[in-house]
Amino acid sequence: MAEQVLPQALYLSNMRKAVKIRERTPEDIFKPTNGIIHHFKTMHRYTLEMFRTCQFCPQFREIIHKALIDRNIQATLESQKKLNWCREVRKLVALKTNGDGNCLMHATSQYMWGVQDTDLVLRKALFSTLKETDTRNFKFRWQLESLKSQEFVETGLCYDTRNWNDEWDNLIKMASTDTPMARSGLQYNSLEEIHIFVLCNILRRPIIVISDKMLRSLESGSNFAPLKVGGIYLPLHWPAQECYRYPIVLGYDSHHFVPLVTLKDSGPEI
């Protein structure tokens, strides 16, 4: 009975608050007219913390965790010793996010505000930044990282200016909210590492992505290819004093992003 009554997403537990947050976030975006990257003024400084559950009986606590936590990704990252391997720091839990192709933005939005990017505020901010601001530095960093990839190093692939421009235009289109031909049958195109880097600059806040280093088969577990999405993304296009230094922490597994938030009642175990 309790499972039927409980909200199946964190924001559903307080809809009035969720609506206020969704109304406020688009108003907080500042879009300079001088080519400077679009960015949030104050809303990027918030961080979600999972409410205390230790006061509940084990059975009810289990129901809450089942409703809110993505246990598959949680178990995968923990079994790989990527998550919660150190008992001297607070435990992180993976919250569920929609798998519609916009999970990077859903996860980031949940980490800061407890609501998913339902109104596409973050995705629209990403797309408008790529379309309307000076992105030459972003493009240059993306080219440098691409040249280090397995595709270029092992095959001797060589791009001319037109190839680079076509690839960059495709990356911009991937961020659009108007994607009738999204890949894999999803509502939106999945995003890549360069999009995470641009996003952390829009937020003026570091993003840490915890993931496996290899893309693996869901059936056999065998390795497919190196996975580069994991790592620390820094807002290098901003002076340090203008950034919020507390990082956003995301988990990534099976082409899906989730927010990794702290539990209020999970102090150090040592």
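A salt bridge is taken here as a side-chain nitrogen of Lys or Arg within 4 Å of a carboxyl oxygen of Asp or Glu. In this predicted model, that rule gives a count of 4 salt bridges, and one of them joins Glu49 to Arg90, whose closest N and O atoms are 3.1 Å apart. The points below take up the salt bridges, then strand β9 and its partners, and then a patch of negative charge.

**Salt bridges**

- The pair of Glu49 and Arg90 links distant parts of the chain, since Glu49 belongs to strand β3 (residues 49–50) while Arg90 lies in the loop between α4 (71–79) and β4 (92–94), 41 residues apart.
- Glu49 is partly exposed, with a relative accessible area of 32%, and Arg90 is likewise partly exposed, with a relative accessible area of 32%.
- Glu62 forms a salt bridge with Arg71, in which the closest N and O atoms are 2.8 Å apart; Glu62 is partly exposed at a relative accessible area of 40%, and Arg71 is partly exposed at 36%.
- Arg136 forms a salt bridge with Asp134, with 2.7 Å between the closest N and O atoms; here Arg136 counts as exposed, at 64% relative accessibility, whereas Asp134 is partly exposed, at 42%.

**Strand β9 and its partners**

- Strand β9 (residues 248–253) is mostly covered, with 6 of its 6 residues buried.
- Ile248, Leu250 and Tyr252 point one way from β9, while Val249, Gly251 and Asp253 point the other way, and all of these residues are buried.
- With strand β5 (residues 207–211), β9 pairs in the parallel sense over 5 bridges, and in this pairing Ile207 stands opposite Ile248 of β9.
- With strand β10 (residues 256–263), β9 runs antiparallel and is joined by 4 bridges, and Asp253 stands opposite His256 in β10.
- The hairpin of β9 and β10 has 2 residues between the strands, and within this hairpin Ser254 takes a positive phi near 55 degrees.

**Negative surface patch**

- Asp160, Asp166, Glu167, Asp169 and Glu192 form a negative surface patch.
- Asp160, one of the residues of this patch, is placed in the loop between α8 (150–155) and α9 (161–174).
- Patch residues must have over 30% relative accessible area and no salt bridge, and Asp160 meets the accessibility condition because its relative accessibility is 44%, a value that counts as partly exposed.

Technical notes
Residues are numbered from 1 along each chain as its sequence is written. This is a predicted model: local features need pLDDT of at least 70, side-chain atom pairs count only at pLDDT 80 or more; totals for chains, interfaces and linings use all residues. Side-chain values use heavy atoms; hydrogens and water are left out. Patches are made of residues with over 30% relative accessible area and no salt bridge: like charges are joined within 9 Å, nonpolar side chains (Val, Leu, Ile, Met, Phe, Trp, Tyr) within 5 Å. Accessible areas come from the Shrake-Rupley method with a 1.4 Å probe; for residues, only the protein chains shown count as cover. Lys and Arg count as positive and Asp and Glu as negative; His and the chain ends are not counted. The place of a charge is taken as NZ of Lys, CZ of Arg, CG of Asp or CD of Glu. Buried means under 20% relative accessible area, exposed over 50%, partly exposed in between (1.4 Å probe, protein chains only). Two strands pair if DSSP finds at least two bridges between them.
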